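Subject: Structure for your review

Dear colleague,

Please find the structure below, handed over for your own work. My notes on its side-chain contacts follow.

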Amino acid sequence: MAITISVLDQSPLYPGETSEEALAHTVELAQRSEELGFRRFWVSEHHDSDHVAGSSPEVLISYLLAKTKSIRIGSGGVMVQHYSPYKVAENFNVLASLAPGRVDLGVGRAPGGLPRSTQALQRGSNDHATLTDKIVELRKFVQNRLEKDHPLAGLRATPAPQSAPELYVLGASPASAEIAADLGLPYVFSLFINGDESQALAAVHAYRSSFNSAYGTKPQIIVALFVVVAESEEEAAELAGSHKLVKIHLASGKTLTVATQEQAEEFARQASEPYTIEEKEPSITKGTKEAVREKLLALQEALGVDEFIITSNISPFAKRLRSFELLSEALAEVSAKA
């Protein structure tokens, strides 16, 4: 079974780089991903950050669509807890009308920032809808299927594109997999955030075993990975660096993943509640193209998926670009042998 590769770029902002340079790199990587034949290119949503430049995926997607020709462009993802589903649907319907058949709408429940950015994004809103409620309403607006007895019956999220954006649920736990399954939607498991392959297996099993086919859809799973490919094992290890998964466990029961221990401590300070911090080794698939190919094939067999969405936030940018080129070469060799 062939492996399909897609790309998630977080527009990383490294010391000495400007935001203009970081976003220009994202544009260049999208264009190169199209040339390499990857299926889709997604961008993320992070707020109040000195480490990533992508705070508004809708705006960036619009620019990327104009700078590419055929690759699907989407969000990985929109943090829908902050927004009106109606407005999200309008934004993506505009994008889907500008580039028919090329727009993906990935949505997630992570805050995308620290508590103060969440407070700013939700300022003036009294909406306490759950993630499931938000996704249900978002799909109704995207597909123009409000029930006749809905409080907003007759309202449409215009313009109405001929090809609606494709909706994906993003998550990193069996619980999010169950939400996607119950709604009959495609699911993306973020292994590079969770870092636990056993949890990925559990999420995939939960999704498949409880998938609701009443919507006329079939299960579709994508696994998101951090991948570094280099000319040698030593170079790959050096490029991967000493990344850590830093998880903050709040007394309220929430668990969030951040980039550094300093961010975790600042999150807790802003949240004003007791916490514990856990550092874990991240799940990074790294090595030569031969080694990475074998790891992806093993994961494909274990998880039963045919698409991976790859992020590779390594510096310098030329090495990030080269990592994806080597990955493409590795998988081309798989296809040649098939």
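Is Arg322 buried, exposed or partly exposed? Arg322 has a relative accessible area of 30%, so it is partly exposed. Please note that the model is a predicted one.

**Salt bridges**

Arg322 pairs with Glu325 in a salt bridge whose closest N and O atoms are 3.4 Å apart. Both residues belong to helix α12, where three residues, about one turn of the helix, separate them. Glu325 counts as buried, because its relative accessibility of 17% falls under the 20% limit. The two residues also belong to one network, in which salt bridges with shared partners join Arg32, Glu35, Glu231, Lys289, Arg322, Glu325 and Glu329.

Helix α12 also contributes Arg320, whose side chain meets that of Asp9 in a salt bridge, at 3.5 Å from N to O. This contact links distant parts of the chain: Arg320 is in helix α12 (residues 317-337) and Asp9 in strand β1 (residues 4-9), 311 residues apart. Arg320 is buried, with a relative accessibility of 2%, and Asp9 is buried as well, at 1% relative accessible area.

A further residue of the helix, Lys319, forms a salt bridge with Glu235, and here the closest N and O atoms are 2.7 Å apart. Since Lys319 lies in helix α12 and Glu235 in helix α9 (residues 233-240), the pair ties together parts that are 84 residues apart in sequence. Lys319 is partly exposed, with a relative accessible area of 34%.

In general terms, side chains of opposite charge can pair when their charged atoms come close. The count of salt bridges in the model comes to 17.

**Aromatic contacts**

The model has five aromatic pairs. In one of them, the ring centres of Tyr187 and Tyr207 are 5.8 Å apart and the planes stand at 25°, so the pair is stacked. Because Tyr187 lies in strand β6 (residues 187-190) and Tyr207 in helix α8 (residues 197-209), this pair ties together parts that are 20 residues apart in sequence. Tyr187 and Tyr207 are both buried. Ring pairs link these two tyrosines and Phe211 into a cluster.

Finally, there is a contact between a charge and a ring: Arg139 lies over the face of Tyr215, at 4.0 Å from the ring centre.

Yours sincerely

Notes. Residues are numbered from 1 along each chain as its sequence is written. This is a predicted model: local features need pLDDT of at least 70, side-chain atom pairs count only at pLDDT 80 or more; totals for chains, interfaces and linings use all residues. Side-chain values use heavy atoms; hydrogens and water are left out. A salt bridge is a side-chain nitrogen of Lys or Arg within 4 Å of a carboxyl oxygen of Asp or Glu. Helices (H or I, at least four residues) and strands (E, at least two) are DSSP runs, numbered from the N terminus. Buried means under 20% relative accessible area, exposed over 50%, partly exposed in between (1.4 Å probe, protein chains only). Rings of Phe, Tyr and Trp (its six-membered ring) pair if their centres lie within 6.5 Å; planes under 30 degrees apart count as stacked, over 60 as edge-to-face and the rest as tilted. A charge sits over a ring if NZ of Lys or CZ of Arg is within 6 Å of the ring centre and within 35 degrees of the ring normal.
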